[in-house]
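Open the model in your viewer and keep the selection tool ready. The tour goes stop by stop, with something to select at each one.

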Amino acid sequence: MNFREWAGRKSQPVLALNLVLGLLTSSLSVSLLPTYSWAQAQSVAALDSASFQAALRFTLYVEGGYSNHSADLGGKTYRGILQTEYDGYRAGKGLPAQDVRRMDNSELWEIYYSYWHASRAESMSPILGVAMFDTAVNFGRSGAVRFLQQALAVPITGSFNSETLDALQSQNQEEIAKRMIENRIQYRYKRVRESPSQQVFLQGWLNRDYSLWSYLQWYQQQSR
């Protein structure tokens, strides 16, 4: 089964993934991309890695396009990037602020690579790396480490410390990915209980979590 066939399946519980983003092809490679000034050797290597391609393919698909829901505490978002984050990125480069909808592909790739690198996803197995990357995008870099630490049953600090690394190296990383997704699902319900205004997003959040596990199973099959 190729990615397009997987995207047409109905994933648990209700999400039907029946389109593939035009930006991403089933064999995305660096050769298909413009040469960006930010693409140093390390990031080029990441873009050319199968696990980063798999992670970005899934995350960009579920993030979709532009949203600015009144109940969304994150505010304006485009392809998974918050306006506030984009403002910070532009300021860091000495560029004027602009609407996140004007973000070009080079900026998008650079921001997403920062998630990949900061979450240390490249040092993990492909299955866990994809889960870690999507969690970093959805919950922030520190949030992703917290979910990882919860899955590893080590003290939750939000910092990728030596205890976290030791536990990561000694446990089955496929099982860690599964526990991270299970913990994400539990967190969604907890958040809605604590903030009822977020109920409107619950089904979409659950779709993302269940679909991530389905996608990881598909990706694992393709990697064998």
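Where is the place of Gln198? Select it: Gln198 sits in the loop between α9 (173-194) and α10. Its relative accessible area is 2%, so Gln198 is buried (under 20% relative accessible area; over 50% is exposed, in between is partly exposed; 1.4 Å probe, protein chains only). Now add Arg188. Gln198 and Arg188 lie ten residues apart in sequence, and their C-alpha atoms are 9.2 Å apart in space.

Some ground rules before moving on. This is a predicted model, in which local features need pLDDT of at least 70, side-chain atom pairs count only at pLDDT 80 or more, and totals for chains, interfaces and linings use all residues. Residues are numbered from 1 along each chain as its sequence is written, and side-chain values use heavy atoms, with hydrogens and water left out.

**Whole chain**

Switch to cartoon view. You should find ten helices and three strands (DSSP runs: helices are H or I with at least four residues, strands are E with at least two, numbered from the N terminus). From start to end the pattern reads α-α-α-β-β-β-α-α-α-α-α-α-α. The chain has 224 residues, and 47% of them count as buried. Next, draw contacts (heavy atoms within 4.5 Å). Among contacts with a separation of 6 or more, 58% join residues 24 or more positions apart.

**Salt bridges**

Display the charged side chains. How many salt bridges does the count come to? The count is eleven (a side-chain nitrogen of Lys or Arg within 4 Å of a carboxyl oxygen of Asp or Glu).

Select Asp134 and Arg208. They form a salt bridge, with the closest N and O atoms 2.7 Å apart. This pair links distant parts of the chain: Asp134 is in helix α6 (residues 126-139) and Arg208 in helix α10 (residues 199-223), 74 residues apart. Asp134 is buried, at 0% relative accessible area. Arg208 is buried too, at 8%.

Widen the selection to Glu63, Arg184, Arg188 and Asp209. Together with Asp134 and Arg208, these residues are linked in a network of salt bridges. Arg188 is thus back in view from the opening stop.

Move to Glu107 and Arg90. Their side chains meet in a salt bridge at 2.9 Å, N to O. Glu107 belongs to helix α5 (residues 105-118) and Arg90 to helix α4 (residues 83-92), 17 residues apart. Both are buried.

Last stop: Asp99 and Arg101. Here the N to O distance is 3.0 Å, again a salt bridge. Buried or partly exposed? Asp99 is partly exposed, at 21% relative accessible area. Arg101 is partly exposed as well, at 44%.
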